[in-house]
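Visitor: I'm new to looking at protein models, and I'd like some help reading one. Could you take me through it a feature at a time?

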Amino acid sequence: MNETIVEYDSIIKKCEDIFAKKMKDYGSAWRILRISSLTDQIFIKAQRIRSIESKGVQRIDEGVINEFIGIVNYSVIGLIQIDLGVSEQPEDLKYEKVMNLFNKHVLASKDLMINKNHDYGEAWRDMRVSSLTDLILQKLLRVCLLYTSDAADDTPCVDLGGRRI
């Protein structure tokens, strides 16, 4: 499991570096994004990964690694939005505060990963990446269904078939 923790920390460092760079470039403009908008962004990234996996070829010279990084970062933004609530107006959060919130959520996910790896014996290491992509899409669909059924937002969410629900 030590190898997994080292790998996790390395990947999260890449995600954090990109997140921090975008925070410096764009600030916290994402504060106006509703949860449904964030799940749609994650859906787009996961769907592109699935498309590349299925077709075996891509036309845009940006690999799936960047899409997975985007999924992580949009997910953390979603968790921050849940913590702070969605801002109705653009709001400039301090860089240090946002990075502390980022780190709070990646540490919580790391703890969860460690606990699950203990119970499941790191079974996910034997899974195909395409299965992980499918699980991401399936969980997004479930979130979208829950979010829509709770009438938490008037904006519909995208399902796996591209229909609005």
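Guide: Sure. Let's begin with one idea: two residues are in contact when they have heavy atoms within 4.5 Å. Keep in mind, too, that this is a predicted model.

Visitor: Okay, so what share of the contacts with a separation of 6 or more comes from residues 24 or more positions apart?

Guide: In this chain, the share is 75%.

Visitor: And which elements make up the chain, going from the N terminus?

Guide: They run α-α-α-α-α. The secondary structure comes to five helices and zero strands.

Visitor: Can we look at one helix up close? How far does α2 reach?

Guide: From first C-alpha to last, α2 reaches 30 Å with its 21 residues, close to the 30 Å expected at 1.5 Å a residue. Just after α2 comes Gly 56, with a positive phi of about 75°.

Visitor: Which residues of α2 are buried?

Guide: Here the cut-off helps: buried means under 20% relative accessible area, and exposed means over 50%. In α2 the buried residues include Ile 35, Leu 38, Ile 42, Phe 43, Ile 49 and Ile 52, and also charged ones such as Asp 40, Lys 45 and Arg 48. Over the whole chain of 165 residues, buried ones make up 33%.

Visitor: What about the surface? How much does the chain expose?

Guide: About 10,500 Å², and carbon and sulfur atoms supply 56% of that.

Visitor: You brought up charged residues. How many salt bridges are there in the whole structure?

Guide: The general idea is that side chains of opposite charge can pair when their charged atoms come close. A search of the whole structure finds ten salt bridges.

Visitor: Let's try one. What is the N to O distance between Asp 17 and Lys 13?

Guide: It's 2.7 Å, and their side chains meet in a salt bridge. Another general idea helps here: an α-helix has 3.6 residues a turn, so residues three or four places apart point the same way. Asp 17 and Lys 13 are four residues apart in helix α1 (residues 2-26), about one turn of the helix.

Visitor: Are those two buried or partly exposed?

Guide: Asp 17 is partly exposed, because its relative accessible area is 38%. Lys 13 is partly exposed as well, at 44%.

Visitor: And which residue does Glu 67 form a salt bridge with?

Guide: With Arg 48, and their closest N and O atoms are 2.9 Å apart. Glu 67 lies in helix α3 (residues 64-84) and Arg 48 in helix α2 (residues 35-55), so this pair ties together parts that are 19 residues apart in sequence. Glu 67 is buried, because its relative accessible area is 6%. Arg 48, at 18%, counts as buried too.

Visitor: How far apart are the closest N and O atoms of Lys 104 and Asp 83?

Guide: They are 2.8 Å apart, in another salt bridge. This pair links distant parts of the chain, with Lys 104 in helix α4 (residues 95-120) and Asp 83 in helix α3, 21 residues apart. Lys 104 is partly exposed, at 44% relative accessible area, and Asp 83 counts as partly exposed at 37%.

Visitor: Which residues are linked in a network of salt bridges?

Guide: Glu 7, Glu 122 and Arg 125. Take a closer look at Glu 122, which sits in the loop between α4 and α5. Its phi is near 55°, a positive value in a residue other than glycine. Glu 122 is also buried, because its relative accessible area is 15%.

Visitor: What is Asn 117 in contact with, leaving aside its neighbours within four places in sequence?

Guide: Met 1, Thr 4, Glu 122 and Trp 124. Asn 117 lies in helix α4, and its relative accessible area of 5% makes it buried.

Visitor: Last topic: how much space lies in the largest pocket?

Guide: The general idea is that rolling a probe the size of a water molecule over the atoms shows where empty space is left. Here, the largest pocket holds about 2,200 Å³ of space. It is lined by 43 residues, and the closest to its centre are Tyr 8, Ile 71, Val 72, Leu 132 and Ile 136.

Visitor: Which helix gives the most to that lining?

Guide: α3, with eleven residues. Still, α1, α2, α3, α4 and α5 (129-149) each supply at least two residues of the lining.

Note on methods: Residues are numbered from 1 along each chain as its sequence is written. This is a predicted model: local features need pLDDT of at least 70, side-chain atom pairs count only at pLDDT 80 or more; totals for chains, interfaces and linings use all residues. Side-chain values use heavy atoms; hydrogens and water are left out. A salt bridge is a side-chain nitrogen of Lys or Arg within 4 Å of a carboxyl oxygen of Asp or Glu. Buried means under 20% relative accessible area, exposed over 50%, partly exposed in between (1.4 Å probe, protein chains only). The expected span of a helix is 1.5 Å times one less than its number of residues. Accessible areas come from the Shrake-Rupley method with a 1.4 Å probe; for residues, only the protein chains shown count as cover. On a 1 Å grid over the protein atoms alone, a cavity is a set of points where a 1.4 Å probe fits but cannot get out, and a pocket is an open set with protein on both sides within 12 Å along at least five of seven lines; lining residues have an atom within 4 Å of a point. Grid points are joined across faces, edges and corners, and a volume is the space filled by probe spheres set on the points.
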